[in-house]
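Hi there,

Here is the structure I promised to pass on to you. Have a look at it first, and then read my notes below.

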Amino acid sequence: MPLGDVAGEAPSGTFRFIARIVFEIVVDVILRGTGAMILRLLRPKHDPGETAAMMTGLVFWGTAITLFFLVFRMGR
């Protein structure tokens, strides 16, 4: 493999690696983690599924961000 091909692939691989880490943190920890915690509070005897936890987290954070901006605009 020529050295030029290796040098051209290195930044692309690095970017993919960093994007994967950011995606895993955002999706797993923030969305799915928050959703699972909310579902466990609402239904303590049921184990929340991945999709339900993700959707619950997405709705929660979407609502929280929307309310934050609405309150911020009302205060101006």
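The chain folds into 2 helices and 0 strands; please keep in mind that this is a predicted model. Of the 76 residues in the chain, 12% are buried. About 6400 Å² of the chain is exposed, and carbon and sulfur atoms supply 72% of that area.

Let's start with the charged residues. Side chains of opposite charge can pair when their charged atoms come close. The count here comes to 3 salt bridges.

One of them joins the side chains of Arg 20 and Glu 24, at 3.1 Å from N to O. These two residues sit 4 apart in helix H1, which means about one helical turn separates them. Arg 20 is exposed, with a relative accessible area of 52%, whereas Glu 24 is partly exposed at 28%.

Another salt bridge links Asp 28 with Arg 32, whose closest N and O atoms are 2.8 Å apart. Asp 28 and Arg 32 are also 4 residues apart in helix H1, about one helical turn. Arg 32 forms a salt bridge with Glu 50 as well, with 3.9 Å between the closest N and O atoms. Glu 50 lies in helix H2 (residues 50-75) and Arg 32 in helix H1, so this pair ties together parts that are 18 residues apart in sequence. Asp 28, Arg 32 and Glu 50 are thus linked in a network of salt bridges. Within that network, Arg 32 is partly exposed at 23% relative accessibility, and Glu 50 is exposed at 56%.

Now for the rings. There are 3 aromatic pairs by count. Phe 60 and Trp 61 make an edge-to-face pair, with 5.1 Å from centre to centre and 75° between the planes. Both are partly exposed: Phe 60 has a relative accessible area of 36% and Trp 61 has 33%. Phe 68 and Phe 69 are edge-to-face too, because their planes stand at 70° and the cut-off is over 60 degrees; their ring centres are 5.5 Å apart. Ring pairs join Phe 68, Phe 69 and Phe 72 into a cluster.

Finally, which residues does Thr 34 touch, leaving out those up to four places away in sequence? They are Val 29, Phe 60 and Trp 61. Thr 34 belongs to helix H1 (residues 3-42) and is buried, with a relative accessible area of 10%. Its side chain also makes a polar contact of 3.2 Å with the side chain of Trp 61.

Enjoy exploring!

Best wishes

Note on methods:
Residues are numbered from 1 along each chain as its sequence is written. This is a predicted model: local features need pLDDT of at least 70, side-chain atom pairs count only at pLDDT 80 or more; totals for chains, interfaces and linings use all residues. Side-chain values use heavy atoms; hydrogens and water are left out. Rings of Phe, Tyr and Trp (its six-membered ring) pair if their centres lie within 6.5 Å; planes under 30 degrees apart count as stacked, over 60 as edge-to-face and the rest as tilted. Buried means under 20% relative accessible area, exposed over 50%, partly exposed in between (1.4 Å probe, protein chains only). A polar contact is a pair of N or O atoms within 3.5 Å; within protein, one must be able to donate a hydrogen and the other to accept it, and residues adjacent in sequence count only if both atoms are side-chain atoms. Contact means heavy atoms within 4.5 Å. Accessible areas come from the Shrake-Rupley method with a 1.4 Å probe; for residues, only the protein chains shown count as cover. A salt bridge is a side-chain nitrogen of Lys or Arg within 4 Å of a carboxyl oxygen of Asp or Glu.
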